[in-house]
Amino acid sequence: MTDDAIYLDHNATTPIAREVAEAMWPHLTEVFGNPSSTTAQGQRARKAVEHAREQLAALLGAHPDEIVFTSGGTEANNLAIRGAAALARTEVAVTSAVEHPATTAPLAHLRRRRGWRVDQLPVDARARIALDRMPPGEVGLGTLVLAHNETGTVQPVRGFAEEIRSRGGLAHADAAQAVGKIPVSVDELGVDLLSVAGHKFCAPKGVGALYLRRGTSIAPVLLGAGQEGGIRPGTENVPGIVALGAAAELAGTLLDAERVRQTRLRERLWDRLAARLPGLLRISPREEALPNTLLVVVPDRIGAEVLAGAPEVAASTGSACHAGTRTPSAALLATGLDADLALGALRLSLGRSTTRAQVDRAADALARSANARS
C-alpha cells in the first residue's frame, strides 16, 4: 500500500472532516475548562458539550437528555449490555451470529461470569437474521448490529426490538457503522439503547455515545462522579464531544445526497470488478444495505494477497479488528460460505472523498492483481 493509495477502508475509520476539525480546534487550545467547573472557562466547555448533545440527538431523532457520551462504540456497547444485564430480571440474551467483538465479548462475559444464556439467531447468505428463529420465553436483553461492518447488511432491528420488548427485555442496537451513512431514528427502530462511534462518520477516534431512552434504567460500568447523569462518570472529552456533535450535524446535511452518490459508485465498482473477474461472488446485498459497502469473494485467491498485489488500493479483507490474520471471517462462515472461499474476501468501503475516477482505478488494480495470480 502506498502513501497516496486510494482509500477504500472507510468502515475501518474515516478521515476527520474539515468542518469537524475546525469546530474541535478551539477546544484543544483556548477553551480548556473542565465542564464540571463553575469558572467561566468551565461553563464555556459545558455549553459546548450540551450543544453537541443537541446536535447528535437531532441526527438520531432523540431528546438531548437521552444522549450519554462515551469513549467510543466499544464502551457504548459494554455500557448498554453490561449495564442492562445488571438490572435484568431474566438472565437470557438474544443476539445474532454475526456481531462485532465489541458485542460478543461483553455477552461472553455475561455467560462465563454471570451464568447468562446467550442465544444467537442464525443468518442467511447475506448475513441477515432469521427473526422467525427467535427462542421462546422471557428475555432480559436483546442486542443486534444495525448495519454489519463487513457485509453492509442492514438488519431488521425494528422487528427484533418488538420481539425483545414483548418478552420483557431491553433492546439494544449497535449502530456504529450505520449512523451518518443511513437514516437512523431511535423511535422508528423502537430500541431502548443504541451505540454510536464517532470515527465511523468523520469525527475523531476516541469519542462515541450511547442513546438511552427516557425511562430506561441501566447500571453504570464505571464508578466515579456524576458526569453524564452518573451513567458514564469521568471528566468529559470536550474536544472529542464537540467534534462528534459537528460530525452529526454535517452528516445530517449530507446524508441523502451521499447515499445516492455512494450507492452509484458501489455499483460501478461491482460492475467493473465482475466484468474482469469471472466467478466473483458478491456477498453484500444491493438493497437494505449500507450504500458504501461492497464485500466480494475472489474464488481461488487469498484476499490479503490480492491486496498486496494492488498497493495503490487501501482496503481490508474483512473486519479491521481481525486484520493481518489468515483465518476466515467468522461472519462469512456464519452465512454458510465455505472456509476456503471466505479467505478470498475483500471488503471495499467507500466514503465522502471517494471519486468515480478512484473507483475505476481501484477496480482495475484489484482485477489486475487477482488475475496475475491465476
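**Exercise 1.** Locate Ile302, which lies in the loop between β10 (293-297) and α9 (303-308), and state whether Ile302 is buried, partly exposed or exposed.

*Solution.* The model is predicted: local features need pLDDT of at least 70, side-chain atom pairs count only at pLDDT 80 or more, and totals for chains, interfaces and linings use all residues. Residues are numbered from 1 along each chain as its sequence is written, and side-chain values use heavy atoms, with hydrogens and water left out. Helices (H or I, at least four residues) and strands (E, at least two) are DSSP runs, numbered from the N terminus.

Step 1. Buried means under 20% relative accessible area, exposed over 50%, and partly exposed in between (1.4 Å probe, protein chains only).
Step 2. Ile302 has a relative accessible area of 22%, so Ile302 is partly exposed.
Step 3. Neighbours within four places in sequence aside, Ile302 is in contact (heavy atoms within 4.5 Å) with Arg326, Leu343 and Gly344.

**Exercise 2.** Describe how helix α8 (residues 238-276) and helix α12 (residues 356-372) pack.

*Solution.*
Step 1. The angle is about 25° and the axes are 9 Å apart. Axes are lines fitted to C-alpha atoms, for helices over the stretch in contact, and angles run from 0 to 180 degrees between N-to-C directions.
Step 2. This makes α8 roughly parallel to α12, a term for angles under 35 degrees.
Step 3. Residues of α8 that meet α12 include Leu265, Leu269 and Leu273.

**Exercise 3.** Find which side chain makes a polar contact with the side chain of Thr103.

*Solution.*
Step 1. Thr103 is in helix α5 (residues 101-114) and is buried, with a relative accessible area of 0%.
Step 2. The partner is the side chain of Asn77, at 3.4 Å. A polar contact is a pair of N or O atoms within 3.5 Å; within protein, one must be able to donate a hydrogen and the other to accept it, and residues adjacent in sequence count only if both atoms are side-chain atoms.

Conventions. Parallel < 35°, antiparallel > 145°, perpendicular 65-115°, else oblique.
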